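I opened this one to look up how the sheet, the helices and the cores fit together. Notes follow in the order I took them.

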Amino acid sequence: MDLQTLIGEPWANYGLIDSGHGRKLERYGRFRFIRPEAQALWAPASPDWKAHGEFVPGSDEDGGGRWEYSQPVPREGWQLKWDDVSFNASNTPFRHLGFFPDMAPVWSWMREQVADKAEAECMNLFGYTGVGTCAMAARGVKMVHVDASKKSVEAARANAALSGLSDKPIRWMTDDATKFIAREVRRGRRYDGILLDPPKYGRGPDGEVWKLEEGLPGLIQDCRKLLDAESRFLFLTVYAVRMSALAIGELLRQTFADLGGTVEAGELAVREEARGLIMPTAIWARWHR
């Protein structure tokens with residue numbers, strides 16, 4: 001399987017300005033932030049970074065740390081826009097800004113897959129703050145948005161409202177992803193497309209434990225049961241660096257062998273503005289017609 005790279009280019013409200021020495025400098029609208037980046041093994045283009053804040057990691061490799069600010073930043077967040085979708089960005093305790101900008105080429109790709117299909121219905125599993133959900137709903141796609149976090153689902157609904165999508169057909173589900181998918185299979189439901197971005201580790205609303213390596217094969221099997229000969233895509237992203245794009249690509253190849261179509265895999269990346277170099281961020285695999 002040949003690996004591909006999906007590259008997120010800078011856009012008006014986001015850009016990777018510079019990177020190096022284990023950090024990256026990014027712009028989010030009118031604000032600049034420095035965040036840790038283990039894969040930035042090279043030297044930065046400039047030694048002089050000016051930012052509104054920096055995330056300083058703790059000693060816990062699974063997370064932890066704090067934001068330190070040199071200039072005022074709205075704690076309630078500020079509005080950004082990608083294409084025709086508006087959403088809120090904010091400094092979260094998890095070092096990111098409430099969305100994943102490297103997903104921009106994925107949002108565009110998903111739109112293309114169902115552009116010619118009337119009344120398409122798709123699911124955003126582990127949907128977080130719903131920028132991907134809004135990207136699809138803005139093009140008339142019926143959406144099911146699933147996340148175990150009530151706070152994340154509330155943020156996603158707020159982002160839909162910012163984009164003028166409150167009246168669109170979006171089902172907002174605060175639920176454990178594996179249990180929800182299993183129920184959808186029993187109901188005989190089907191979808192035209194599924195986006196899933198499972199975490200390395202997580203807990204459902206009732207304390208359910210999710211471990212990526214253990215749960216992913218069964219989850220993909222159940223997602224396959226929700227897709228049929230008329231379906232268009234499944235897109236899987238994984239941010240757990242210990243897993244390989246080749247491995248998740250083979251998982252999809254075997255699971256979707258009976259449906260035909262194409263299975264591809266590779267890396268997500270963003271292009272640095274200072275030098276045009278490519279910063280890898282995650283791995284992905286997809287099935288599509």
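**Sheet, helices, cores**

I started from one residue pair: Ile194 has Leu234 in S15 as its bridge partner. That pair belongs to the link between strand S12 (residues 193-196) and strand S15 (residues 233-238), which run parallel and are joined by 4 bridges. Strands here are DSSP E runs of at least two residues, helices are H or I runs of at least four, and both are numbered from the N terminus. I count two strands as paired if DSSP finds at least two bridges between them.

A note on the source: this is a predicted model, where local features need pLDDT of at least 70 and side-chain atom pairs count only at pLDDT 80 or more, while totals for chains, interfaces and linings use all residues. Residues are numbered from 1 along each chain as its sequence is written, and side-chain values use heavy atoms, with hydrogens and water left out.

Next I traced the whole sheet. It is open, with 8 strands in the order S1-S16-S17-S15-S12-S9-S10-S11 and mixed pairing. Strand S1 (3-8) and strand S11 (170-174) are at the edges with a single partner strand each, so one side of each has no neighbour in the sheet. From one strand to the next, the twist averages 20°.

Then I checked the helices. H4 (residues 177-186) lies across strand S9 (121-125), S10 and S11, at about 155° to S9. Angles run from 0 to 180 degrees between N-to-C directions, with axes as lines fitted to C-alpha atoms, for helices over the stretch in contact. The H4 axis and that of helix H5 (residues 212-225) come within 9 Å and cross at roughly 30°. In the contact (heavy atoms within 4.5 Å), Thr178, Ile181, Ala182 and Val185 of H4 meet Leu219, Asp222, Cys223 and Lys225 of H5.

Which residue did I pick in helix H5? I took Leu216, which sits in that helix. Leu216 counts as buried because its relative accessibility is 2%; the cut-offs are under 20% for buried, over 50% for exposed and partly exposed in between, with a 1.4 Å probe and protein chains only. Beyond its neighbours within four places in sequence, Leu216 contacts Pro198, Trp210, Leu236, Met243, Ile248 and Leu251.

Last, the cores, meaning sets of buried Ala, Val, Leu, Ile, Met, Phe, Trp, Tyr and Cys residues joined through side-chain atoms within 4.5 Å. The largest nonpolar core has 49 residues, and Trp78, Phe99 and Trp107 touch the most other members. A second, separate core of 33 residues includes Met123, Leu212, Met243 and Ala285.
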